[in-house]
Structures are given as structure tokens and as C-alpha cells.
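Me: I have a structure to go through and would like to ask some questions about it. Please keep the answers plain.

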Amino acid sequence: MIRRVLTTALAAVLLAGCTPGAEKQPPEDLTGPAATLRVLAGSELADMEPILADAAKATGVTVDLEFTGSLEGAEKVAAGAAYDAVWFSSNRYLEMEPAAKSRLGPSERIMSSPVVLGLRASTAARLGWANRAVTWSEIAAAASRRDFTFAMTDPAASNTGFSTLVAVASAIDGSGRALDAAAIERVSEPVNGFFTAHALTAGSSDWLAGEFVARNRELDGLFTYESSLVALNRAGTLPEQLTIVYPADGVVTADYPLTVLADAPDAARDAHRRLTSWLRGADVQRRIGEDTARRPALPGVPLPAGLPESPVELPFPETRASLRALLTAYNDELRRPSRTVYVLDVSGSMDGDRIRALKAALSGLTGVNTSLTGEFCRFRSREDVVLLPFSQTPQAARSFTVDAADAQPSRDAIRDAIGALQAGGDTAVYDSLIAAYDSLDAAAGRDRFVSIVLMTDGESNQGRDLAAFKDFVARRDGAAVPVFPILFGEAAEQEMTEVAAITRGQTWDARNGDLTRAFCQIRGYQ
Amino acid sequence: MKALRTIALLVSVILVAVVAWAVVRRATASGDAPAAAGCAGARTRVTGVIGSEKTPYLNDPRVLSRLSCLGLTLVVDAKGSRDMVNTLSDDAHPYDFAFPSSASTAERIQQLRGVNDTYKPFSSVMVVATWKPVVTMLRGAGVVTTVQDRPVVDVDALVGLARAGTRWNQLKGNESSPNNKVVLLRTTDPKDSGSAIQFVSLASAALNGDRPVSSAADVAKVMPDMCRLMAYQGTKEETSQDLFEQYLSDGPARSPLALVYEQQFLDTTSAITVPRDGEHVMLFPNPTVYARHTVVPFTDAGDRLGRALDTDENLQALAAEYGFRLDGRALTDRPEPPVVQEPPEYALLESMLSELEANPSFDDTTGKCAK
């Protein structure tokens, strides 16, 4: 009897000493010299900043995040931009650019989040999708019947848009393997139907989510990260909750590798090691799950509450050729075409270098910029481009439609018209904006993304003023048309910000920099 | 009553003694303890570039402290094999040693850096990490078979399914699954990773009638299928550690079959271990290959590190704890795989890899790899 009790007690003690929990090594000391890691990152990672602030306390490593889109990020890294590390939804785009890939150093996956569909609860119920598995074919069929409308980012600028495109095209192709150029041709018809319900586009997932909230009555849903949808539901700013639809035949998942650049200094590489070790600690992984609704990378850490097990992962095309084929097909065949009015200041102050810069930047969209992002900024097949130069009054608008069968001659004609612009006279910004609205309202073929780009280098001093323009927008019937002002020269920043705000557009700053880049980035919203 | 109190007293005395003993034992085991007599005084920093699968072992504080006792302060960077070779092509590379997982990568590095002597402190077998229901399903499809009383994944049969374009939800008993993907073994990217190189070794042998490819004609014969197996997967993980973590954290929907190192599966020491729930299953592919982890030293410090890993009892015991196989020691805890292939000759392996590294796609109409 006594012996049995003793044996049991001993066994209990010894076992306790042998369980992995008890034998675990003390946590590694991750402190070290104070260091700042300059990281080029995807915009959705802004929600990691509170966790990174604690990382700085624990490790001495301060993270300085600079946000950009996935494709543009890959291009910056390829061009040799001076950062210590990159942190995007995935390294896929970086790995497809040989010059970017060669700069990638050690990498640690931190977390993941699949790209899925968030639908207003009432829409999900109406479609009968609230409590059952739904396939991409069903989603595409309902979209082509316009049973719902959705927001999605531009695949050429942002990972969520590209992931959605890959998923819908792969699932509909149904061959069960990575898409190649031939498969893209096969699926163009049903995928084209899917995009007829695409009602809002954007260059960044963050902006898209913000606009979805602001325009909640116009749109039924959006394709974005599961984590962003959970955040939208938690924020309490939506009139009704979003039902998260996980397409049953598969998704594309972002896995957020935090990757130090191979040419970063030793101190940065050490900082990266300390930071990633800390971020991959079990407690921090659990917190990332709870605070950001991303899935932990570390096996054994439980999924954040309410998230289902990982869905099937669709294969992601691996070759640059298939990536290009997919984006080209999207731009020229699959997507809803756009109509954009370029309202261009050619007043006297634009004379000289400024008009030369404007002509060069805008001409970049006619096929002369051959960089990867430049290639996908070009005026696309089927697109309407309206040039509306102005000085003391709006001048005659010139409309061009890029020919679907033979695009380059149309682009050349646009370039000739840009080349003929001449500067002189005063600045009638608001009369010209109103003229742009009128030309959009008068146009035939309404099923397009419409927007206005306003490029001006100074204050309006002719015709109607901002108050009159506000009045015009408030009384205007029909769908919202966003205005995207580009700040240039001595542009009136305050007024332009207001113009963007009341039209649900956004300003782009090219005062110190790159007009070409501003024109290219706006393309994601057109 | 009295007897009970005596027992209780006795038990608590023993408890205290045992706990005290455990504490002392742990303190002496740690390298910081004064008991670490005979440790070297001076420390030399030794920097290496390693395959990711060895990161947990080489970061273990006990390994680091044992090395420290031997006079070495170890700093490692994990890299895929292609990256490793690229980095080491630069004469200004900062490393004292490289520690790839395959003999062929080691050979390439030896040639590159003019190194003769290497150390092979331990090895692993390539295995398939899978799931209990998947095994049942694949047995029905003839992919899981029994060889020498052991369940194995028949690589030839698996390739057959891919060739026929068979999907997971076409397998008997799995018709209601949403997984409409072609039945494939997940591998890492041959551009980056040593474990994908092991896959090329074993799959090319399976496709060559269970013999290592030994001529350019053999290579030409097996390449269309090799290409298909890589291209159908789309983008692949860069490191076996990432693939293994995904297998563990994302479940059977995402990773029904993944090629990993046996050591990763058997490791019971790392933060990342396989739950013993009966759901996680490890099978040998048939045939399989050995991954011979090889230290290629470039400096004296690198040489000391290689020798220490190879000969130090303490470090060898820790390697065994991490699931590695030690050469020349009886393995009572694990079986030998039924069929093991030698890797093909270096030049032939290289020619297959370089074709696969060009990101080929598979062309159905011609039945060939296309770039």
C-alpha cells in the first residue's frame, strides 16, 4: 500500500519534469543594441503597429514601416531601394522579379490570412449563402446576373485583387493545377461575367475597405483579407455585419514573410533575427491572432476565436509569363472598362518645364513606359480616355476609345493630342470640373468605372468657386464620380483635399516628385 | 491515521528531494554552471549558412552552450540551397562554413570554394507527412501500399495519378470534398531548397524504373513528368521549415501530402513538434533517399565547428534528440525505409534542376516542359 502511494507520487513528479512544458528552455534573450529596421510593407500592416511598439520594448528593435502596393514594392526592391527589410502579404511578386529576388535574405513567416468574400448579412441570406459551402462558379454566376455587387482592388496594384483574380480563374478553369497562359484564355467568358458586378476598384485594400464603409448602401460585399473583414465587423461602423464567405473550392492566402534584404547591414540582420523570434513567440502569436484576426504561423497556437480551419489553397501561378498573361487578360478582356476624364491645367503658369513634365508623364500611359508597373498603367483596350484641357475656360473635350483589336494606334492618337497641348491664360478649375461631369453624363455606354483626374498647379481664379462646385455635386443626380486631384506646383492643397472628400476621391501629391508615378497609381482607382 | 500522516510526510520529503535533484541536474546541464570544467577560455565567433531544417537544433541553447564550452560562438543564417550557392559565389562572403542538407549541394560548394574535407555529422531520410484519412483514401487508390510490412507511398503510382489529372475529390470515399486539385505531393521550390533536390532524386529514380538516372537519355525520359509535378503545384515554399510548419498549422485541406525530413517529424525538442494524436502520419516514400547533412568548412573556425558536430558525444546526443540519424549507431527507435535510392550523379541532377528552376509550365498538347 505504502509502496504504491510512493510510486505514484514519484511517477507524478518525474512525469511533470518530463513533459515538454516543464522542460522548455527559458525564453531566449532577445534584447540587443537599439536598432531601427526600415521596412517596406503592405498598407494593411498598419494594424500591427501596437504590437510592434511592444516589440521595440522587448527587443530594442524599432520598426519603421513605409507602405506601398505589392507590385510597386517588388519594383522598388528590384531597383535597389534602400530598405532593411520587406514585409508584404507574400514574396510571390518579389520572387518573380529576378533583380528583387536576388536581394531577399533570411525570411520568417509571421502570420497568414486568406482572401475571401465579405457580404452584407442580408445579401448573404438573400442568396442563400449564409450557412452553406459556396463555390467560385456559383459566385461568378450570381455576379454575372448582378445578384450582388462587390468591391475589389486592382490586380495590377494590390495583392487582394490579384489573389481574387487568380482564385476565380483557377477555380473556374477547374483543371486542379496552377493556371497557365492557355488556361487564362479558356476561362475568359465566365470570368468576364463575374466582373460585371465589380462596382468599386482601388489601388489599395485599405482605401477599398474605407470606401466600402462610406458607400455601404451601394455595395453588397468586398473581396479582401479575412482579417480585414473581421476588423470591419468589429469596428461597428457598418449598418449590418458582413458574412464571411469562404469559397469551398479554394482561396489564395497571404502569409506575410518578414524578409531582411541580403544587402542590409549586419546590425539590421541581427535586429531582424531578434524581432522575428519575438514575433514568433507563442504568446505574441496568440496576441496577433486576437488583435488582428490573422492566423498564427506557429503550429500549435490556436486559431483566433471564430475562424474556421484553413480552407483548400488554390495553386498560385508561378511564372512571370502567366502573371503577365493574367494581368493583360484582366485589363484588356475581363474587367469592366473605365472612362476617365483628364482635366488638365494648361494655364500660363504651366508654361515651360511644367507642361513638359505633364506631357511626359501622361504620355507614359500610352505605352512608352515599359517597366512592370508602367506596362499595367497603360491605357487599356476598350477604355475611354477624355482629355479636357483648361485655362480661363474649359476647352473642347477630346474623347478616345482604345481599340480592342488594335490598341496601339489608339494610344498613339492620344499621345499626339497630349503633345499638342499649349500653355497660356488663367485658371478656371471649377468650371472645368463641372464640364467634365457634363461630358461623363452625356456619354453613352454607362456600364463603366468613371472617374475624373484633375491636374492643376495653382489656384482657381476664373469662373465658379469651390462653394459653387460643392453645390453642383450636392444637387447632381446619378452615381458618385470620384475626382482624383494631383497636386503640382502651387496647387491649393486645402481646396483639392475638399474636392476629393466631397466626391469620394483622393488627392495625389506630385509637388516634390514624380508626376508619372501619380498618374500610374491613380490607374488602380480607374 | 498515523500511518497516513507518515506516508504524507515521507512523500513530501521525497518530493522535495526529487525537485532539488532535478534543479541541480538542470543547473549542471546548463553550460553557464561552474561545473562546466575543462571549457575553453577564449571564444571564437563562427558564422555559417545552413539549411532551414537544422535551425531549431543549431539554435538550441544547449547546443550553443556546448559549442561555447568548446570555444565557439555560433551564428547562423538559414538559406535555401540555391541562395546558399549564390552567396558563396561571392569571394567576400562572410561565412566560416556551409551546412547544406544534401551531398550534391555540398559537392557544388566544395568545387566553388576549393574545399577537400567535409564532415557528415548526421543524416535524415526523406518522408511524407500526411494524415490518417488521407492514408485510407490513398490505399484505396493504390498509392499507399505495403512493402516489407511497412506502409509506404508508391511514388510511381502517385505520378500516375498526376499524369491522369486525378483530383482529390475523385478518390473513392472523398467525393464530397471541395478539394478539386490534382493529387500531388507538396514539395519546396527546387530553385531554393535542398528538400526539393531530394525530391528530384527520388522521383527521377521512381520514373526510371527504380534506378537512379544515369544518362542524358534517362533524364530526357523522366523530365516531362518531373516538370508536371513541379509546374502543377504553382508557387512553392522556399524552405522545408515553412512547408513543414504549414503542414502542421494549416491541416489536411491545405497539405494532404508534404515531403519533409524525417528529423522534422520525429523532433520532440523544438518549439514546433508533431502532436501525438494519431491523425498526423509519417510514411516513407518508395523509393526514398537519405539527406546527408554536410559541413563544408572554409576557415579553421568552420573546421572546428564541423569536427565538434561530428565527434562531440554531447552534440551528437542532442542531434539525436532533434530526430537526426547518427551514422554508425544502431537505431532501435525507428525502422529502415524499405527502398533507398542513391542520388543521381551530380551533373545529371544539376541538369534536371536547372530545367526545373526555369519555372517551366507543362504543355498538355506537346506533353513537354515549356518555358
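**Strands, domains and cores**

Reply: Strand 14 (residues 384–390) of chain A runs antiparallel to strand 15 of chain A, and four bridges join them. The model is a predicted one.

Me: Which residue of strand 15 of chain A is the bridge partner of Val386(A)?
Reply: Strands of a sheet pair through backbone hydrogen bonds, either parallel or antiparallel. Strands 14 and 15 of chain A take the antiparallel way. In strand 15 of chain A, Val386(A) has as its bridge partner Ser399(A).

Me: What is the order of the strands in the open sheet of six strands in chain A?
Reply: Strand 15 (398–401) and strand 18 (508–509) of chain A are the edge strands, each pairing on one side only. They therefore stand at the two ends of the order, since an edge strand has a partner on one side only. The pairing in this sheet is mixed, and the order is 15-14-13-16-17-18.

Me: What angle does the direction of helix 23 of chain A make with that of strand 17 of chain A?
Reply: Helix 22 (residues 493–503) of chain A packs on the sheet and touches strand 16 (449–456) and strand 17 (483–487) of chain A, with its direction at about 160 degrees to that of strand 17 of chain A. Helix 23 (residues 515–522) of chain A also packs on the sheet, touching strand 13 (338–345), strand 16, strand 17 and strand 18 of chain A. Its direction makes with that of strand 17 of chain A an angle of about 170 degrees.

Me: Why is one side of strand 2 and of strand 4 of chain A left without a neighbour in the sheet?
Reply: Five strands of chain A form an open sheet with mixed pairing, in the order 2-1-3-11-4. Strand 2 (61–67) and strand 4 (104–109) of chain A are at its edges, so one side of each has no neighbour in the sheet. The reason is that each has a single partner strand.

Me: Which residue of strand 11 of chain A is the bridge partner of Val86(A)?
Reply: Strand 3 (residues 85–87) and strand 11 (residues 257–261) of chain A pair in the antiparallel sense over three bridges. The partner of Val86(A) in strand 11 of chain A is Thr259(A).

Me: What area is buried between domain 1 and domain 3 of chain A?
Reply: The C-alpha centres of these two domains of chain A lie 37 Å apart. Their contact takes five residues from domain 1 of chain A and five residues from domain 3 of chain A. Carbon and sulfur atoms give 49% of the buried area, which is about 480 Å².

Me: Which helix of chain B gives the most to the largest nonpolar core?
Reply: This core has 68 residues, and Phe199(B) and Met226(B) are among those that touch the most other members. The helix that gives the most to the core, with eight residues, is helix 9 (residues 216–231) of chain B.

Me: Is Gln148(B) buried or exposed?
Reply: Gln148(B) lies in the loop between strand 5 (144–147) and strand 6 (150–154) of chain B. Its phi is positive, about 50 degrees, although it is not a glycine. Exposed means over 50% relative accessible area. Gln148(B) has 60%, so it counts as exposed.

Me: What is the relative accessible area of Arg146(A)?
Reply: Arg146(A) is in the loop between helix 8 (136–144) and strand 6 (150–151) of chain A. It has a positive phi of about 60 degrees although it is not a glycine. Arg146(A) is partly exposed, and its relative accessible area is 42%.

Definitions and conventions: Residues are numbered from 1 along each chain as its sequence is written. Chains are lettered from A and ligands numbered from 1 in the order in which they are written. This is a predicted model: local features need pLDDT of at least 70, side-chain atom pairs count only at pLDDT 80 or more; totals for chains, interfaces and linings use all residues. Side-chain values use heavy atoms; hydrogens and water are left out. A nonpolar core is a set of buried Ala, Val, Leu, Ile, Met, Phe, Trp, Tyr and Cys residues joined through side-chain atoms within 4.5 Å. Buried means under 20% relative accessible area, exposed over 50%, partly exposed in between (1.4 Å probe, protein chains only). Contact means heavy atoms within 4.5 Å. Axes are lines fitted to C-alpha atoms, for helices over the stretch in contact, and angles run from 0 to 180 degrees between N-to-C directions. Domain bounds come from an automatic or database domain assignment. Buried area is the accessible area (1.4 Å probe) that two parts lose on being put together, summed over both.
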